[in-house]
Amino acid sequence: MSERNMNGRTPLLEAQGICKYFGGLKAVENVDMKIYAGDIFGIIGPNGAGKTTFFNMCTGNFQPTKGKIFFDGEEITGMSPETVAQKHIARTFQNLQIFKFMTVLENVKIGCHIKTRSNLADAILHTRAYREDERYTTEKSLEILNRIGLSSYRDTLAGNLSYGTQRKVEIARAMALEPKILLLDEPAAGMNPLETRSLMEFIQSLNADGYTIAVIEHDMKFVMNSCNRILVLNFGQKILEGTPTEVKNNPEVQSAYFGKGMVAGEAIQ
Amino acid sequence: MNKIAAVVNRYRALFLVLVFAVLCALPFVIPKALYVRYACNILMFTTLAGSLNAINGYSGQTCLGQAGFFAIGAYTCAIFSTRFGLDFWLLLPIAGVLAALVGLIVSLPTLKLQGIYLSIVTLGASEIIRIIAQTWTPVTGGALGIKNIPYPWLFGLDTFRPKYYYFIFLIIGVVFLFVTNRVLRSRVGRAWISIREDQIAAKSLGVQTSFYKSLNFMYGAFWAGVIGCAYAPFVNYIEASQFSTDTGFNVLAMIVIGGQGTLVGPIVGSVIVTVLTESLRFLENWRYVIYALIIILMMWLRPQGIAGASHSMLAGGKIKRKPIRKGGAQEHV
């Protein structure tokens with residue numbers, strides 16, 4: 001798949017020499033990345049490698065110290081998170097930021113915000129714009145809940161759900177944005193192996209439907225089996241961007257994960 | 001409790017009509033004019049507490065300065081009706097709009113602030129408004145206040161009698177609840193609630209939080225202004241000390257006791273606090289100690305307020321879950 005992408009197409013999401021410094025700490029240092037339409041793009045690296053910081057810069061939550069970010073050929077560096085979201089870049093959060101005291105259905109309805117336009121006056125007078133918006137929002141949200149398999153929880157307060165299910169609510173909410181790219185920050189964290197597996201299948205089925213997905217994940221099985229390209233970060237720096245096979249065979253990646261030095265066999269000799 | 005709620009939901013329209021009929025009959029049933037005055041107070045505070053609840057309970061911004069917006073409305077009515085003879089019903093929306101504009105001005109510098117810092121700014125703004133009212137003698141009458149505010153027209157009824165003025169508060173209260181209910185069930189209301197729940201997540205979904213926070217502030221200030229405008233002719237005489245921060249905290253106590261984030265909460269709160277205020281008058285200033293005790297007890301025993309969401313996590317209520325059908329919904333994940 002990656003070969004096809006290389007044929008001179010513009011990447012969907014591109015980072016050029018992105019840096020983020022917090023005082024003296026170089027959280028992300030000079031990282032380039034290209035995600036093409038149709039990819040499932042994995043970002044991996046040990047804890048504290050700067051993955052989430054990097055994500056936050058792509059979505060406008062952080063402003064990069066240096067470097068540029070392009071979406072579909074347009075520069076989005078310096079834009080606020082809400083402006084970035086209006087370009088149909090959706091994301092989920094590592095530490096679960098769902099609306100706990102809203103029902104699952106309402107959570108997803110917020111995701112339809114940018115696709116609707118009705119204002120205060122429309123709401124008070126129940127104008128046609130309001131009715132159309134509400135119909136669209138409800139239908140769209142129910143469709144997404146159905147798709148992700150949360151229909152039975154539609155009227156449950158999101159905060160009352162189990163951790164794994166809350167993660168799905170967050171993905172459902174992001175899907176309501178009709179994202180051109182979906183950025184998932186550790187979607188499988190807190191899920192049991194069975195849930196992780198079905199999440200993986202779900203993400204693959206989304207990808208088959210044409211969604212472009214970027215995912216930060218620690219679960220190697222998940223990453224190696226579902227991503228077609230992977231970016232490896234360590235201490236804020238890019239080690240490698242390549243296919244799962246390239247990543248697996250790269251000595252630097254191995255040392256980042258397992259450390260340097262002699263393997264058990266060598267030590268004996 | 002749940003059974004009552006179920007019955008109410010089932011016959012919702014009938015229930016509302018019944019409540020409305022009872023409320024209409026109330027001033028004619030109540031024997032003493034003084035008690036009708038209390039009923040008027042309750043209705044007035046219902047809207048005022050409701051307007052504060054629209055800010056604190058729905059967008060999660062902690063406003064402590066509702067007395068300021070209330071004062072703007074009251075002075076608008078008093079000044080324009082005594083000096084220019086403008087009609088009460090015309091002044092009602094004007095007072096609301098003026099209060100909303102002040103709300104906008106207050107909200108602009110506070111957009112970057114949260115929690116306690118925002119609260120302090122609103123508290124300060126409320127005090128500034130009161131001090132202006134107290135010192136700007138040529139316009140506001142200063143410490144002497146403004147008296148003889150004309151009574152509004154209401155189908156030729158003698159609105160100087162609380163019995164009939166009651167209906168002005170009732171109309172405003174009903175319109176407020178109707179409109180607010182509609183707003184909350186819309187895109188705008190959902191945006192407010194999403195800001196209350198998690199601002200960062202709301203932003204990531206494209207909600208322009210600054211715009212909606214300002215709008216929310218203006219909405220709450222608007223209704224405080226409207227009810228302030230209705231308050232001025234009711235008491236016939238206003239001066240700055242009626243709009244001190246005590247009034248603001250009184251209203252805050254109502255929504256804390258009644259429950260924030262529900263439409264019923266402020267109603268319950270205003271009934272309880274007003275009844276207590278009037279029935280504990282014999283204790284003089286000691287009644288404030290009783291308020292304090294009640295608020296502490298509420299925080300301790302039922303932090304979401306009496307009418308707070310009963311199936312919320314804080315209430316430890318049961319989780320509403322429908323059984324999952326086999327092979328049905330759970331296909332994908």
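## A walk through chains A and B

Start with chain A, where, among contacts between residues at least 6 apart in sequence, 67% join residues at least 24 apart; two residues are in contact here if their C-beta atoms, placed from the backbone, lie within 7 Å. Before you click further: this is a predicted model, local features need pLDDT of at least 70, side-chain atom pairs count only at pLDDT 80 or more, and totals for chains, interfaces and linings use all residues. Residues are numbered from 1 along each chain as its sequence is written, while chains are lettered from A and ligands numbered from 1 in the order in which they are written.

**Stop 1: chain A.** Colour by secondary structure and you should find 12 helices and 10 strands; these are DSSP runs numbered from the N terminus, with helices being H or I of at least four residues and strands E of at least two. The C-alpha trace spans about 80 × 40 × 40 Å along its principal axes. Chain A has a radius of gyration of 20 Å, which agrees with the value near 18 Å for a compact globule of 269 residues; the radius is taken over C-alpha atoms, and the globule rule is 2.2 Å times the number of residues to the power 0.38. Of those 269 residues, 48% are buried, where buried means 20 or more other C-beta atoms within 10 Å of the residue's own, exposed means 12 or fewer, and partly exposed is in between, with C-beta atoms placed from the backbone.

**Stop 2: the interface.** Now show both chains: 45 residues of chain A are in contact with 36 residues of chain B. On the chain A side, the helices that each supply at least two residues include H6 (128-148) and H8 (193-208). That side has 18 nonpolar, 17 polar and 10 charged residues; Ala, Val, Leu, Ile, Met, Phe, Trp, Tyr, Cys and Pro count as nonpolar, Asp, Glu, Lys and Arg as charged, and the others, Gly among them, as polar.

**Stop 3: chain B.** Hide chain A. You're left with 14 helices and 0 strands. The C-alpha atoms fill a box of roughly 75 × 50 × 40 Å along the principal axes, and 46% of the 333 residues count as buried.

**Stop 4: H4(B) on H11(B).** Select residues 66-83 and 209-235 of chain B: the axes of these two helices, H4 and H11, come within 6 Å and cross at roughly 50 degrees. Axes are lines fitted to C-alpha atoms, for helices over the stretch in contact, with angles from 0 to 180 degrees between N-to-C directions. The angle makes H4(B) oblique to H11(B); under 35 degrees counts as roughly parallel, over 145 as roughly antiparallel, 65 to 115 as roughly perpendicular and the rest as oblique. Among the residues making the contact are Phe69(B), Gly73(B) and Cys77(B) of H4(B), and Ala221(B), Gly225(B) and Gly228(B) of H11(B). By class, the contact has 15 nonpolar, 5 polar and no charged residues.

**Stop 5: H9(B) on H11(B).** Keep H11(B) and add residues 187-197 of chain B, helix H9: these two pack at about 105 degrees, with axes 10 Å apart. That makes H9(B) roughly perpendicular to H11(B). Ala191(B), Trp192(B) and Ile195(B) in H9(B) meet Thr209(B), Tyr212(B), Lys213(B) and Asn216(B) in H11(B). The contact divides into 4 nonpolar, 2 polar and 1 charged.

**Last stop: Glu127(B).** Glu127(B) sits in helix H6 (residues 115-135) of chain B. With 17 other C-beta atoms within 10 Å, Glu127(B) is partly exposed. Draw a C-alpha to C-alpha distance from Glu127(B) to Ala221(B): they are 15 Å apart in space and 94 residues apart in sequence.
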